[in-house]
Amino acid sequence: MSLSPAPASASPGRTFEFPCNERVRMLLRIECLGRRLRSLSALSGRPSHEATLVAFFEFLDLLGSRSDVKTELLQELERQRARMQAFANNPAINAARLKDSLDELERHIAHADSTPMRLGPHIPEHEFLAMLRSRAGVPGGLCAFDHTAYQLWLSRPDEQRADMLHSWIAPWQGFLDSVGLALGFLRDSAEPTSVVAVGGGYEASPQGRSVRLIRVEITDPRELGCEVSANKYLVAVRFRLLANNLNYTAVTDDLPFSLTLCDF
């Protein structure tokens with residue numbers, strides 16, 4: 001399976017991530033849409049605001065596609081809290097940092113539990129947004145003759161539209177922060193190992209570890225992607241080079257990279 005680029009980090013190179021279970025896959029999808037939504041909402045201009053609404057509706061569709069999205073996030077945060085609490089009596093652990101992390105988890109658990117998962121009266125313009133959302137899935141469904149109120153809204157000053165967009169997204173900002181916290185703890189749970197993909201490929205045993213997230217970092221300047229397959233017996237990485245026609249071709253030379261098996 002192909003990996004998706006991870007959020008930008010301070011380290012050089014390019015990082016790819018592969019989720020090893022459905023929960024982590026779902027959290028990564030939410031994080032991806034959340035980053036897009038936040039980036040678009042920071043831009044000004046009518047085209048940017050139209051794109052922000054489309055991303056917002058896609059985000060709501062993802063949250064509404066499964067009834068257990070909130071439950072899965074809460075269970076992940078609670079699982080991480082339990083893992084941290086197990087370190088409480090370990091003299092090698094910084095007690096103050098552990099307490100800060102546990103307090104942060106508690107705050108996010110409480111906030112995530114109170115987050116609405118659907119449009120509703122908590123947004124005064126929810127009926128307007130619900131109508132837009134029903135038309136947004138139709139190709140060309142938001143033309144002026146389909147939804148005149150939308151066209152009138154788009155004709156308002158940039159600042160007014162931006163303020164309304166931010167108010168519509170605001171109820172889910174804390175939820176996105178909680179997703180980022182859960183993934184952040186997971187990403188930081190293991191140290192990277194320097195390895196070499198011989199002839200563009202690499203295989204290793206996870207040695208009985210219950211890996212939840214695989215991270216691959218490369219510093220090669222070429223446009224390289226990779227495919228990963230993983231089970232409890234084997235982790236396999238195969239690198240591909242992006243050709244001019246945007247199709248992948250095989251990599252046959254040896255390629256050093258960093259591999260992180262996150263199992264927190």
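**Figure 1. Helices α2 and α7 pack at an angle of about 15 degrees, with their axes 11 Å apart.** The model shown here and in the other views is predicted. Because angles under 35 degrees count as roughly parallel, α2 is classed as roughly parallel to α7. The crossing of the two helices is left-handed. On the α2 side, the contact is made by R46, H49, T52, L53 and F56. Helix α7, which covers residues 158-169, contributes D158, R161, A162, L165, W168 and I169. Sorted by class, the residues of this contact are six nonpolar, two polar and three charged.

**Figure 2. Helices α4 and α8 cross at roughly 140 degrees.** Helix α4 spans residues 95-113 and helix α8 spans residues 173-187. Their axes come within 9 Å. The angle makes α4 oblique to α8, since the roughly antiparallel class is kept for angles over 145 degrees. In handedness, α4 passes α8 in a left-handed crossing. From α4, the contact takes in S101, E104, L105, H108, H111 and A112. From α8, the residues in the contact are G174, F175, D177, S178, L181 and F185. The contact of α4 with α8 has five nonpolar residues, five polar ones and two charged ones.

**Figure 3. R66 lies in the loop between α2 and α3.** This loop follows α2 (46-64) and leads to α3 (69-85). The relative accessibility of R66 is 25%, so R66 counts as partly exposed; the buried class would require a value under 20%. With neighbours within four places in sequence left aside, R66 is in contact with E22, M26 and E72. One of these, M26, is 40 residues from R66 in sequence. In space, the C-alpha atoms of R66 and M26 are 9.9 Å apart.

**Figure 4. The protein chain, given as context for the close-up views, has eight helices and nine strands.** Taken along the principal axes, the C-alpha atoms fill a box of roughly 60 × 55 × 30 Å. The chain has 264 residues, and 43% of them count as buried. Among contacts with a separation of 6 or more, 72% are accounted for by residues 24 or more positions apart. The exposed area of the chain is about 14,000 Å². Carbon and sulfur atoms supply 53% of that area.

Terms used
Residues are numbered from 1 along each chain as its sequence is written. This is a predicted model: local features need pLDDT of at least 70, side-chain atom pairs count only at pLDDT 80 or more; totals for chains, interfaces and linings use all residues. Side-chain values use heavy atoms; hydrogens and water are left out. Axes are lines fitted to C-alpha atoms, for helices over the stretch in contact, and angles run from 0 to 180 degrees between N-to-C directions. Helices (H or I, at least four residues) and strands (E, at least two) are DSSP runs, numbered from the N terminus. Angles under 35 degrees count as roughly parallel, over 145 as roughly antiparallel, 65 to 115 as roughly perpendicular and the rest as oblique. A crossing is left-handed if the near helix is turned anticlockwise from the far one by less than a right angle, and right-handed if clockwise. Contact means heavy atoms within 4.5 Å. Ala, Val, Leu, Ile, Met, Phe, Trp, Tyr, Cys and Pro count as nonpolar, Asp, Glu, Lys and Arg as charged, and the others, Gly among them, as polar. Buried means under 20% relative accessible area, exposed over 50%, partly exposed in between (1.4 Å probe, protein chains only). Accessible areas come from the Shrake-Rupley method with a 1.4 Å probe; for residues, only the protein chains shown count as cover.
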